[in-house]
Amino acid sequence: MRLAAIALGFLRLKHRLDGGPSGWGAFLLVDDMKHLTFVIPLFAVIGLVGLFIAHAWEGGAMHAAGIGLFVVSGVIVFLDIKHVFDRIDSGAP
C-alpha cells in the first residue's frame with residue numbers, strides 16, 4: 001500500500017513538472033473515445049471481480065472490499081464517460 005502511494009505521488013509530481021494540468025481529473029480520467037473504449041471494459045471486469053470477491057466472503061472486510069471495488073469501478077466508468085463527452089461538447093482538441 002505504501003509503495004502504491006509513493007508511486008502515485010511520483011507520477012503526480014512528474015505529471016506536474018512535465019507541464020500537465022494540475023487537477024486530479026486531468027490526471028486520472030481519459031480524454032478521448034479511443035481510450036474510453038479500453039477503460040470501460042477494463043473497469044467492468046474489475047467491478048465484476050469485486051462482485052465475485054463479495055460473493056465468496058458472505059460477510060466481513062473482504063465482502064465490504066468487494067462491494068467497494070464494484071462501486072468505485074462503476075463511479076470511475078461514469079466519470080470517464082462524462083469527462084470525454086464534456087470535452088467533445090466543449091470543442092477541446
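A residue is called buried under 20% relative accessible area, exposed over 50%, and partly exposed in between, with a 1.4 Å probe and protein chains only. Asp-31, at 38% relative accessibility, therefore counts as partly exposed.

This is a predicted model, in which local features need pLDDT of at least 70 and side-chain atom pairs count only at pLDDT 80 or more, while totals for chains, interfaces and linings use all residues. Residues are numbered from 1 along each chain as its sequence is written, and side-chain values use heavy atoms, with hydrogens and water left out.

**Whole chain**

Begin with the entire chain, coloured by pLDDT, the predictor's confidence in each residue from 0 to 100. The average over the chain is 85, and 88% of the residues score at least 70. Switch next to a cartoon: the chain has four helices and zero strands, in the order α-α-α-α from the N terminus on. Helices (H or I, at least four residues) and strands (E, at least two) are DSSP runs, numbered from the N terminus. Of the 93 residues in the chain, 15% are buried.

**Helix 2 and helix 3: confidence**

Select residues 24-28, which form helix 2; among the elements of the chain, this helix has the lowest mean pLDDT, 67, whereas helix 3 has the highest, 93.

**Helix 3 against helix 4**

Select residues 33-56 (helix 3) together with residues 61-90 (helix 4). Two packed helices are described by the angle between their axes and the distance between the axes. Here the angle is about 165 degrees and the axes are 7 Å apart. Axes are lines fitted to C-alpha atoms, for helices over the stretch in contact, and angles run from 0 to 180 degrees between N-to-C directions. Helix 3 and helix 4 are therefore roughly antiparallel to each other; angles over 145 degrees count as roughly antiparallel, under 35 as roughly parallel, 65 to 115 as roughly perpendicular and the rest as oblique. The crossing of helix 3 past helix 4 is left-handed, meaning that the near helix is turned anticlockwise from the far one by less than a right angle. The contact of helix 3 with helix 4 has 19 nonpolar, five polar and one charged residues. In this classification Ala, Val, Leu, Ile, Met, Phe, Trp, Tyr, Cys and Pro are nonpolar, Asp, Glu, Lys and Arg are charged, and the others, Gly among them, are polar.

Within helix 3, select Leu-36. Its relative accessible area is 5%, so Leu-36 is buried. Add Ile-81 and compare the C-alpha atoms: Leu-36 and Ile-81 are 45 residues apart in sequence and 7.2 Å apart in space.

**Salt bridges**

The structure holds two salt bridges, each defined by a side-chain nitrogen of Lys or Arg within 4 Å of a carboxyl oxygen of Asp or Glu.

Select Asp-31 and Arg-87, whose side chains meet in a salt bridge at 3.9 Å, N to O. Asp-31 lies in the loop between helix 2 and helix 3 and Arg-87 in helix 4, so the pair ties together parts that are 56 residues apart in sequence. Arg-87 is partly exposed, at 25% relative accessibility.

Then select Asp-86 and Lys-82, where the closest N and O atoms of the salt bridge are 2.5 Å apart. These two residues are four residues apart in helix 4 and thus separated by about one helical turn. Asp-86 is partly exposed at 38%, as is Lys-82 at 49%.

**Last stop**

Finish at Leu-79, in helix 4, which is partly exposed at 43% relative accessibility. Leu-79 and Val-30 are 49 residues apart in sequence, with their C-alpha atoms 9.4 Å apart in space.
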